[in-house]
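Please open the model in a viewer and keep the sequence at hand. The stops below proceed by selection, each followed by a description of what is found there.

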Amino acid sequence: MATYNKKGYKPKTKEEKKVDIEAGSTTAEVFNTLDESASKTEAFVEKNQKYIFVLIGIVAVVVLGYLGYNEFVAKPKQVTAMNDMFQAQKYFNEAVNGTAKDSLYTLALKGGEGKFGMLDIIKEHSGTPSANLASYYAGTAYLHLKDYKNAIEHLSDFKSDDEILAPLAKGNIGDAFAQLNQKEDALDYYVQAADMRNNNYTAPMYLYKAGVLALDLGKADKALTYFNRIKDEYPNSAEAGTIEVFIGKAQVLANK
């Protein structure tokens, strides 16, 4: 059972007096220790306050500098880059949808009417999202112009988490390697493109390309895997409509 001392209670026995003295002594030691710690802390702060203030100042400058850079440098720079890219993007879209493709892709790359091309955007606005996107446009334009090495270089520079553009860039690199007759590299990039996003457009498209190329390389087992994935995972895709034919072909070759 817990006990307590009444108000005004005085110890009667020597043992009780000894306990009270020890308790008081322990409490005093605790406060002395706290006082010593506080004194040491105060002494440290007093001795090093100049460096502490400098450190705080540096942190403040870095934070404010970052915020200021984003607000007054990065954002305006990106707006300028987007404006400069407008005409090149227009040429690119016209090339995709038009007939004079080669000349329009060249204009998209090098510019026209006194406006920047994608190569200018990459150079003059390096580090901006627009320059990054320009790498995709430039790589794809080079691919259509059959300049496959430049296509690979610029598409490899493009970084994105976009649902469609990210796998398209990988797949376009695969197309470039296929045209260079580097079929193993092409297959690797097709598989990467297929696995990047689980959508009904790019995933089955690149699984199909991977399967066809795997057949050409004599890898019927792998081809069968890719074709079956289209059948099982993307039954509503455009590629699924004729996939049974390719599955049958792959099965025959795999069993030889």
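Which residues in α5 meet which residues in α6? Select both helices in this predicted model: on the α5 side the participants are Y148, A151, I152, L155 and S156, and on the α6 side they are A169, N172, I173, A176, F177 and Q179. By class, this contact comprises eight nonpolar and three polar residues, with no charged residue.

Keep the two helices displayed and consider their geometry. Helix α5 covers residues 148-157 and helix α6 covers residues 165-179. Their axes lie 9 Å apart, and the packing angle is about 160°. Since angles over 145 degrees count as roughly antiparallel, α5 and α6 are therefore roughly antiparallel to each other. The crossing of the two helices is left-handed.

**The whole chain**

Now select the entire chain. Ten helices and zero strands are present, so that a reading along the sequence gives the pattern α-α-α-α-α-α-α-α-α-α. Of the 256 residues, 32% are buried. Among contacts with a separation of 6 or more, 51% are between residues 24 or more positions apart.

**Salt bridges**

Next, display the charged side chains. Side chains of opposite charge can pair when their charged atoms come close. The count in this model comes to eight salt bridges, and three of them are visited here, beginning with K219 and E184.

Select K219 and E184, whose side chains meet in a salt bridge with an N to O distance of 2.9 Å. The pair links distant parts of the chain, 35 residues apart: K219 is in the loop between α8 (202-216) and α9 (220-233), while E184 is in helix α7 (residues 183-196). K219 counts as partly exposed because its relative accessibility is 25%. E184, at 45% relative accessibility, also counts as partly exposed.

Move to helix α9 and select E233 and R229. These two residues both lie in that helix, four residues apart, or about one turn. Their side chains form a salt bridge of 3.2 Å, N to O. E233 counts as partly exposed at 42% relative accessibility, as does R229 at 22%.

Then select E244 together with K231. The closest N and O atoms of this salt bridge are 3.2 Å apart. E244 belongs to helix α10 (residues 243-254) and K231 to helix α9, so the pair ties together parts that are 13 residues apart in sequence. E244 is partly exposed, with 46% relative accessibility, and K231 is partly exposed at 38%. Add D195 to the selection and return to R229 and E233: salt bridges that share partners join D195, R229 and E233 into one network.

**T106 in helix α2**

For the last stop, select T106, which lies in helix α2 (residues 101-110). Is T106 buried, partly exposed or exposed? Its relative accessibility is 31%, so T106 counts as partly exposed. Which residues does T106 contact, leaving aside its neighbours within four places in sequence? They are G111 and L145. Finally, draw a C-alpha to C-alpha distance from T106 to G117: these residues are eleven residues apart in sequence and 8.7 Å apart in space.

Conventions. Residues numbered from 1 in each chain as written. Predicted model: local features only at pLDDT ≥ 70, side-chain atom pairs only at ≥ 80, totals over all residues. Heavy atoms only, no water. Axes fitted to C-alpha atoms, helices over the stretch in contact; angles between N-to-C directions. Parallel < 35°, antiparallel > 145°, perpendicular 65-115°, else oblique. Left-handed = near helix turned anticlockwise from the far one by under 90°. Contact = heavy atoms within 4.5 Å. Nonpolar A, V, L, I, M, F, W, Y, C, P; charged D, E, K, R; others polar. Salt bridge = Lys/Arg side-chain N within 4 Å of Asp/Glu carboxyl O. Buried < 20%, exposed > 50% of the residue type's maximum accessible area, 1.4 Å probe, protein only.
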